[in-house]
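Work through the exercises below with the sequence and the coordinates at hand. Each task is followed by a solution that goes step by step.

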Amino acid sequence: MSSYDFQTIESKWQAEWATKQIYKTTIDHSKPKFYALDMFPYPSGAGLHVGHPLGYIASDIVSRYKRLNGYNVLHPMGFDAFGLPAEQYAIQTGQHPAVTTEENLTRYKEQLNRIGFSYDWDRELRTTDPKYYKWTQWIFIQLFESWYNVKTDKAESIDALITIFENEGNVNIEHNGEETENFTAEGWENKSRQEQEAVLQCYRLAFQKENTVNWCEELGTVLANDEVKNGLSERGGHEVTQKIMKQWYLRITAYADRLLDGLNTIDWSDSIKETQRNWIGKSQGTQIDFRVEISDLRLGGALPNLTSKVTDLKIEVFTTRPDTIFGSTFMVLAPDHELVSQITTNVQRAEIEAYATIANNKSELERKKDKSVSGVFTGAYALHPFTQKKLPIYISEYVLSGYGTGAIMAVPAHDDRDHAFAKKFGIEIIQVISSKDEIDIQKQSYDANYGKLMNSENFDRLTVKEASQAIIQLAEERRFGTKKINYKLRDAGFSRQRYWGEPFPIVHQDGIPTVINELPLELPPVDSYEAKGTTESPLANNAEWVNIPRGRRETDTMPGYAGSSWYFLRYMDPNNDQEFVGKESLEYWNQVDLYIGGTEHATGHLLYSRFWTKFLCDRGHISFDEPFKKLVNQGMIQGESKFIYQVCAERRDPYTIQALPLDAKWLPVFVSAHKLDGIVPKDNTEILNYIRSNFDIPFEVNQVAIRRFRIPSILVDGDKVHTNELTEMWNHHKLEELLPAHFMHKESFSATTEVEKMSKSKFNVVNPDDIADQYGADTLRLYEMFLGPLEDSKPWSTKGIDGTYRFLKKLWALFYDQDGTAQWNDTTASKDSMKTLHKTIKKITDDINAMSLNTSVAQFMICVNELGSQKCQNKTVLEQVLVLLNPFAPHITEELWNAIGNKGFIADATWPAYDEKHLIESSKVYPISINGKTRTNLEFPLDMSKDEIEKNVLANEIVQKWLDGKPPKKVIVVPGRIVNVVM
RNA sequence: GCGGGCGUGGUGAAAUUGGUAGACACGCUAGACUUAGGAUCUAGUGCCUCACGGUGUGAAGGUUCGAGUCCUUUCGCCCGCACCA
């Protein structure tokens with residue numbers, strides 16, 4: 001072959017690899033294993049864009065590298081295919097989501113295969129496949145039939161727990177679940193089945209509970225906390241409101257501590273670990289009881305006068321600052337705190353109820369936006385446990401029912417939010433911690449947790465730390481307080497009111513959820529994928545399926561993260577229909593050695609997977625309790641969106657000066673970006689004047705509406721817009737259903753660029769197929785790696801892709817000259833070539849281990865440049881370079897490997913051994929600096945003594961010139977590195 | 001507010017434990033070859049300066065023989081979490 005014909009080469013070898021199944025993986029106990037995994041994609045209708053393969057290429061490089069180093073590598077790929085987009089599409093078209101999913105998936109696979117990944121497609125899995133979700137349902141059942149035993153610190157069987165209840169009640173049980181009343185064996189026996197189940201629900205790791213949930217009306221489903229971003233649904237960006245519903249939950253909170261501790265044992269980035277720690281949100285503090293005093297006619301009974309009574313009611317508060325308790329001057333409850341209605345006095349009732357109603361019905365978004373200080377007095381007072389002072393009790397939105405106890409002791413002097421509240425309601429502010437700097441506590445709170453106590457009776461002059469301990473101790477002695485740990489982490493909502501998800505293997509029988517053991521429980525057909533206006537899933541539409549002799553089936557389905565929480569296990573043994581994974585496979589493949597994916601799953605998928613893994617480990621199904629040993633987060637490849645301006649000018653009839661009928665009234669005009677950039681943020685009158693005077697609009701313009709208008713990036717070259725094609729797209733209603741547009745400034749119509757997330761709706765998607773067509777998959781692979789560090793986000797740009805393409809052509813030229821004559825032979829390699837080769841072996845090996853793949857590519861370029869100028873024709877050297885490059889550019893290396901006479905596949909070759917002897921130098925060119933600035937270079941033997949070097953350096957004429965006759969103060973000689981003369 | 005990260009040429013970026021800042025590319029300039037090609041090759045390219053030389057890693061200090069790297073202060077940007085008591 002005379003020139004590098006990537007098209008022929010790539011399709012040839014891809015076909016060859018597939019037929020010979022060279023990436024098929026089986027257990028081989030004679031080899032060490034390596035499990036490299038990518039976060040599997042959701043196959044959307046938009047297809048892959050150039051951002052997807054970034055991580056896939058990196059994991060493929062590592063996989064191929066490990067294989068060349070003698071590892072048995074598991075490198076699978078699959079699809080996370082349950083989810084909303086397919087279902088939304090089904091709602092619009094009536095087409096079954098399985099059909100669209102299948103189509104998208106086929107396209108994804110085609111695109112992936114073009115890039116030359118070493119996947120074992122026999123292990124492909126899809127979360128939507130009943131053979132797969134059979135085991136998702138099975139794991140759910142295991143969760144349902146387990147509880148968390150605090151004494152053994154692990155999940156155990158619920159049947160064993162029932163036996164304990166039957167024998168001794170629950171007095172000796174400590175569990176990580178809902179609080180329950182104590183009962184004896186007899187008490188248990190006396191309960192009805194429903195009552196017993198209600199108790200068990202407090203223990204089970206999969207359970208139902210009535211709770212405030214994130215409800216998204218537009219999507220018709222409940223969402224988990226991590227699926228809500230800034231008060232809007234992550235998918236689609238729809239409004240989310242709070243609603244009380246009965247839902248399935250997974251008791252992830254039982255694992256809070258272990259999820260936290262486990263982070264110390266895994267090799268993940270600090271930022272992801274920190275995000276998870278943050279999300280779990282452990283805080284140590286104190287729970288303190290405040291008794292309630294109510295002054296009310298109601299309690300006075302027949303007596304007409306106002307009566308005050310100290311009640312038995314206690315308000316429990318959680319605080320991390322028990323040391324500030326003497327500064328507490330009021331209390332605040334969450335508006336939906338359970339004691340609110342009991343303690344509210346008649347006088348205050350109307351106001352309290354009005355406030356609570358508004359607060360409880362606010363959407364997530366409204367709540368986040370509104371940070372103003374508000375609240376209402378309940379009329380009740382709490383008694384300070386130390387001073388017995390009466391503290392007014394308020395309700396306010398700034399106290400959340402979901403965290404701690406939903407009640408706080410407010411310390412305005414030392415908490416910013418309490419301070420703001422106290423100022424607004426005129427409540428006393430008492431400083432109890434002294435600050436170093438002079439501050440006016442009436443104006444500003446002092447939130448720092450250091451200083452000495454004041455105004456705190458016997459505790460004065462203790463430090464914050466000492467006082468905390470002393471106060472907790474006293475509180476415990478007097479039995480009104482105790483140490484307490486709180487978490488921000490909430491139990492994970494597991495119900496979705498959707499069709500396209502795993503059905504729960506549950507039948508409700510007389511109000512008792514019971515398990516269906518015949519799995520898989522397949523999704524039944526339904527007439528409509530919609531159940532708008534109800535809070536039920538579309539499955540409820542199929543009455544025949546729902547109502548069975550045993551009872552009523554659960555109609556909710558599982559959330560998207562169900563299938564993805566354990567998929568990495570299934571790859572080990574994807575076709576097993578007896579077990580979720582066979583024991584031998586589990587033992588052999590074990591943990592994922594390298595997991596690559598985006599940071600967007602930091603608190604969702606990555607936390608749930610860890611939770612499921614720990615659970616499965618507890619119940620003896622697997623032997624490890626962290627799923628992913630090493631995690632690498634690839635950065636996002638962003639797209640470059642192109643904008644021009646659209647001016648809608650109001651058109652008036654020139655004769656009647658009347659506005660024209662609606663359809664002809666607004667005439668959209670596109671304006672080149674360079675005409676309006678910098679003008680647009682100003683007011684409309686100015687723009688109107690500008691438009692009138694600078695543009696030739698063939699009618700009277702009285703009003704304009706102007707906006708930035710995103711156009712497909714393919715219509716832009718640099719910043720130049722192809723107006724003809726834009727006109728065409730516009731006229732064919734491909735952009736928006738509007739009137740034909742008039743274009744302005746056709747001659748030099750420009751667009752501005754903005755970097756955004758790559759997405760179909762932003763018209764900025766770059767398809768890897770296009771790159772593969774133009775340059776080939778090997779160039780694409782190298783280029784994506786060369787772009788910069790894997791973890792960094794960067795905008796996609798094809799600037800520079802020529803460099804990597806040229807590199808491959810230069811590589812080719814080492815093997816064939818322009819006429820296609822073979823260049824390699826068996827003459828001995830030069831010393832320089834051996835040096836180049838071994839330098840490269842070392843650098844590439846180190847770089848792959850450090851995941852520094854961009855610098856690897858640079859080293860390959862150096863290597864090929866050097867071998868080129870050395871005119872290296874040595875077959876062995878060239879061959880070893882091919883092996884080194886193979887993980888990065890599998891096609892061209894396979895082709896050349898075969899061309900020079902090797903049988904079989906380069907994937908089965910051996911990674912070249914690094915031999916330091918080729919790099920050993922006898923001398924070193926020392927940079928000679930004077931006062932730290934390099935002035936010259938001098939070569940000395942490496943074994944020359946420091947004194948000898950110093951002598952030689954000082955004798956040098958350039959050094960002499962700089963010294964200017966003065967003696968040097970000091971000469972620093974660092975052998976093998978540098979010489980610095982200080983004067 | 002809290003947590004994590006980042007600031008280096010015209011551009012993407014390199015730089016082990018502190019040891020020649022800008023590797024490798026893109027782009028640009030000049031040249032060569034050529035029945036003008038977006039091909040290939042050669043040379044140059046941080047900035048200022050004809051040059052000697054000076055200067056240079058967001059800014060200001062500090063430690064050091066020597067700082068992109070360590071310390072302090074400060075400015076700017078990105079990401080995550082957030083009335084979390």
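**Exercise 1: Salt bridges**

Lys630 has a relative accessibility of 26% and therefore counts as partly exposed, where buried means under 20% relative accessible area, exposed over 50% and partly exposed in between, computed with a 1.4 Å probe on protein chains only. The model is a predicted one, in which local features need pLDDT of at least 70 and side-chain atom pairs count only at pLDDT 80 or more, whereas totals for chains, interfaces and linings use all residues. Residues are numbered from 1 along each chain as its sequence is written, chains are lettered from A and ligands numbered from 1 in the order in which they are written, and side-chain values use heavy atoms, with hydrogens and water left out.

Task: Find which residue forms a salt bridge with Lys630, and describe which parts of the sequence the pair ties together.

Solution. Step one is to apply the criterion, by which a salt bridge is a side-chain nitrogen of Lys or Arg within 4 Å of a carboxyl oxygen of Asp or Glu. Asp267 is the partner of Lys630, with an N to O distance of 3.4 Å. Step two is to place both residues, using helices (H or I, at least four residues) and strands (E, at least two) that are DSSP runs numbered from the N terminus. Lys630 lies in the loop between α21 (605–618) and β23 (631–633), and Asp267 in the loop between α9 (256–262) and α10 (270–280), so the pair ties together parts that are 363 residues apart in sequence. Step three is to check the exposure of the partner: Asp267 has a relative accessible area of 43% and is partly exposed.

**Exercise 2: Buried or exposed partners**

Task: For the salt bridges Lys191 to Glu181 and Lys614 to Asp625, determine whether each partner is buried, partly exposed or exposed.

Solution. Begin with Lys191 and Glu181, whose closest N and O atoms are 3.0 Å apart. This pair links the loop between α7 (185–189) and α8 (193–201), where Lys191 sits, to the loop between α6 (158–168) and α7, where Glu181 sits, 10 residues apart. Lys191, at 15% relative accessibility, is buried, whereas Glu181, at 49%, is partly exposed.

Next take Lys614 and Asp625, which meet at 3.4 Å, N to O. Lys614 belongs to helix α21 and Asp625 to the loop between α21 and β23, 11 residues apart. Lys614 is buried, with a relative accessible area of 1%, while Asp625 is partly exposed at 29%. Through shared partners, salt bridges join Arg258, Arg610, Lys614, Asp618, Asp625 and Glu626 into one network. The structure as a whole holds 36 salt bridges.

**Exercise 3: The length and setting of helix α2**

Task: Check whether the span of helix α2 agrees with the number of its residues.

Solution. The expected span is 1.5 Å times one less than the number of residues. Helix α2 (residues 52–68) has 17 residues and should therefore span 24 Å; its end C-alpha atoms are 25 Å apart, which agrees. As for its setting, 15 of the 17 residues of α2 are buried. After the helix comes Gly70, whose phi is positive, near 90 degrees.

**Exercise 4: The surface near RNA strand B**

Task: Describe the protein surface near RNA strand B and name some of its polar contacts.

Solution. First collect the residues that have a heavy atom within 4 Å of the strand. There are 48 around RNA strand B, of which Thr320, Arg417, Lys488, Arg806 and Arg977 come nearest. Of the atoms of RNA strand B that come within 4 Å of the protein, sugar and phosphate account for 61%.

Second, sort these residues by kind, with Ala, Val, Leu, Ile, Met, Phe, Trp, Tyr, Cys and Pro as nonpolar, Asp, Glu, Lys and Arg as charged, and the others, Gly among them, as polar. The division is 18 nonpolar, 13 polar and 17 charged. The largest share of this surface, six residues, comes from α30.

Third, look at individual atom pairs. A polar backbone atom of Thr320 is 2.4 Å from a sugar or linking oxygen of RNA strand B. The side chain of Asn854 has an N or O atom 2.8 Å from a phosphate oxygen of the strand, and that of Asn980 has one 2.7 Å from a base oxygen.

How values were computed
Polar contact = N/O pair within 3.5 Å; in protein donor to acceptor, adjacent residues only side chain to side chain.
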